[in-house]
Each structure stands twice: as structure tokens, then as C-alpha cells.
Amino acid sequence: MIRSNLGAAHLRAAALSTAIVALAATSALAGTTPTVFIPAASSVGPVTGTPGTGLPGQIWLPPSTGNLAANLTYAASNTANATFLASSVDYPRAGQNSNVGDPLSSFLGNDAASVVGINPATTPSGPLLIRLTGMLAFSVTGTFTIGVGSDDGFDLRLGDTNVSRFDGDRPFTYTYASINITQPGLYPIDLFYWANNSTFSGLELVWDIDDNAAFDPITVPTANLYIPAPSAAGALALVGLVATRRRR
Ligand SMILES: [Ca+2]
Ligand SMILES: [Ca+2]
Ligand SMILES: [Ca+2]
């Protein structure tokens, strides 16, 4: 009985992988990027009635930047130099990029007022690493375009799903991905970005989530960017701490 169930599972897996190969082949023929499916299970809750205010951000000031892996390693092994709130992922506010030698305050625009840990008026706009983590609200379902414009590289995740990345340095360019959302809700977002010390820096998070067929992405609105509520894991850790204290 168990063996036959396993056999059936293998057959289903084989059929699924055949379907995936067929899907990939179709996409390759069409010259399009395969749609990235975001599991409903990665949603951390329903969209609330209260508009979002932004994404919590961290800033590192490494001596230089490398590729994605090197930059992630630097961020993982060094305390962030500063924190801030990204009320809108559109840096600089005007135009697609700013001079790397311009102060971070001109790169961050009005979000510079939220920086804690460094003086953005005396910090250049590169080399630096920025990580934005929080929640992105999808109030509709379907297949949408989400894009990151960057000078230089980036890595974008929703939940545990890798959506898109550009692992290198480049002039400001958009990388678009097609994503599918089957359940409205708040989804964890993790946008990692770096700016090298060369020429210009810029970052934008855009999407095309409207009903019209035209490709007309806009900056993701502030109302869709949420600071995570104190987590259940944090509350459980607190309970554990209390329990530990009681045992003493
Ligand atoms: Ca801009
Ligand atoms: Ca650059
Ligand atoms: Ca559209």
C-alpha cells in the first residue's frame, strides 16, 4: 500500500516535471521570462485597512562592492552602519540616478530624515549596500509585472521565492519579472541593492498591477509598503525567555 502510494507520487512528480519542461520550452520559444509563482502560503496575513508607510531599510558602507554573493556576505558579517525608512523605493526622487559623489541625503531625498547611525549629508551615494525588508501588499490576484531599476546590482525576493536579480554593475536599467499571485495579502519582501563607487547610483521598485493591457509600470505606492508587526516568533521568544526565567 505504502509502496503503491509512493509509486503514484513518483508518477505525479514525473508528470509535473514533464509539464514544467514543456512550460519552460514554450517560454523559451516565445522569448519571454517564465512567470514566477508566489505561493499563497508565503503570505503573512490579509491586507489591512490601514495604508502602509514604507519598508524598513539598512545601509552598509563597505570599502568597495563586489558581486551579489560577496555583497551578501559583507552584509551578513557586518553590522549595518545605519537604518532608515523607505517611504518610496525611488532613489533619487527626481530622475533615474544621481552622482555617486553626491551625498546620500540627495540620493534618499525626504527619506534621508529617517536615517539613524550616520550623517547622510556627509556620506557619498556609493559604495553602499541597502537592504529593504518588510511586507508588500497585493490587494488583487493575477499575473503582474514587477520591476527593479538599478545602478548597480540587486536581488529581489518575495517570501522564500527568488523573483529577479542583476548580479553585476550596470548603468541604470530596469529588470522586469512576471509574477503570479493567487491570494491577496501581505507578502514578505526582501530587496537587496548595491551601488559601486563609479559614476552614478539609482534604485526604483515598480509594478504594473492595473487592469489596462498597456505596459505602464509605476513606482510601487507607499500605501502598499508595510513595516512588519512584532512577529509571532518574537512573541514566542519572549514567552520562552519568561519560561526560562521562571525555571531559574
Ligand atoms: Ca528616481
Ligand atoms: Ca554605479
Ligand atoms: Ca498596465
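Biologist: Let's start with strand 8, residues 154-158: how many of its five residues are buried?
Modeller: Keep in mind that we're looking at a predicted model. Strand 8 is largely enclosed by the rest of the structure, because its buried residues, out of five, number four.

Biologist: Which residue of strand 9 is the bridge partner of D155?
Modeller: Strand 8 runs antiparallel to strand 9, with five bridges joining the two. D155 has its bridge partner in strand 9, and that partner is R165.

Biologist: And in the hairpin of strand 8 and strand 9, which residue takes a positive phi?
Modeller: That hairpin leaves two residues between its strands. A positive phi near 60° turns up there, and the residue that takes it is G159.

Biologist: Which residue in strand 11 stands opposite R157?
Modeller: Strand 8 also pairs with strand 11, in the antiparallel sense and over five bridges. Look across from R157 into strand 11 and you land on D190.

Biologist: Is F166 buried or exposed?
Modeller: You'll find F166 in strand 9, which covers residues 161-166. Skipping neighbours within four places in sequence, F166 is in contact with S150, G153, F154 and T175. There are 20 C-beta neighbours inside 10 Å of F166, and the cut-off is 20 or more, so F166 counts as buried.

Biologist: How far apart are the C-alpha atoms of F166 and D152?
Modeller: Along the chain, F166 and D152 are 14 residues apart. In space, their C-alpha atoms are separated by 8.2 Å.

Biologist: On to the interior: which residues have the most contacts inside the largest nonpolar core?
Modeller: In soluble globular proteins, nonpolar side chains tend to be buried together. Here the largest nonpolar core has 46 residues. Those with the most contacts inside it are L136, Y187 and L191.

Biologist: Which residues is L136 in contact with, leaving aside neighbours within four places in sequence?
Modeller: One of them is Y187, which shares with L136 a place among the residues with the most contacts in the largest core. The full set for L136 is L158, Y187, I189, N224 and L225.

Biologist: Where is P184, and how does it count: buried, exposed or partly exposed?
Modeller: P184 lies in the loop between strand 10 (173-181) and strand 11 (185-195). Away from its neighbours within four places in sequence, P184 is in contact with V47, F138, S139, V140 and T141. It has 15 C-beta neighbours inside 10 Å, and therefore P184 counts as partly exposed.

Biologist: How far is the C-alpha atom of P184 from that of A40?
Modeller: In sequence, P184 and A40 are 144 residues apart. Yet the separation of their C-alpha atoms in the model is 8.2 Å.

Biologist: How many of the nine residues of strand 12 are buried?
Modeller: Strand 12 covers residues 200-208. It is largely enclosed by the rest of the structure, because the number of its nine residues that are buried is seven.

Biologist: How many bridges join strand 7 to strand 12?
Modeller: Strand 12 has other antiparallel pairings, including two bridges with strand 4 (residues 90-91) and two with strand 5 (residues 98-99). In the first of these, Y91 is matched with L203; in the second, S98 stands opposite S201. Strand 7 (residues 142-151) also runs antiparallel to strand 12, and the bridges between them number seven.

Biologist: Which residue in strand 13 is the bridge partner of V206?
Modeller: V206 stands opposite G147. Strand 12 also pairs with strand 13 (residues 218-219) in the antiparallel sense, over two bridges. In strand 13, the partner of V206 is T219.

Biologist: Which residues of strand 2 make up its uncovered face?
Modeller: Strand 2 spans residues 55-60, and L55, G57 and I59 form its covered face. I59 stands opposite A82 in strand 3, while Q58 stands opposite R131 in strand 6. The uncovered face is P56, Q58 and W60.

Biologist: Last one: what is the mean pLDDT of the protein chain?
Modeller: A pLDDT of 70 or more is reached by 80% of the residues. Residues 1-31 fall below 50, with four contacts beyond near neighbours in sequence, and residues 237-248 are also below 50, with zero such contacts. Where pLDDT is low, the predicted coordinates should not be read in detail. For the chain, the mean pLDDT is 86.

Key:
Residues are numbered from 1 along each chain as its sequence is written. Chains are lettered from A and ligands numbered from 1 in the order in which they are written. A nonpolar core is a set of buried Ala, Val, Leu, Ile, Met, Phe, Trp, Tyr and Cys residues joined through C-beta atoms within 7 Å. A residue is buried if 20 or more other C-beta atoms lie within 10 Å of its own, exposed if 12 or fewer, and partly exposed in between; C-beta atoms are placed from the backbone. Two residues are in contact if their C-beta atoms, placed from the backbone, lie within 7 Å. Two strands pair if DSSP finds at least two bridges between them. pLDDT is the predictor's confidence in each residue, from 0 to 100.
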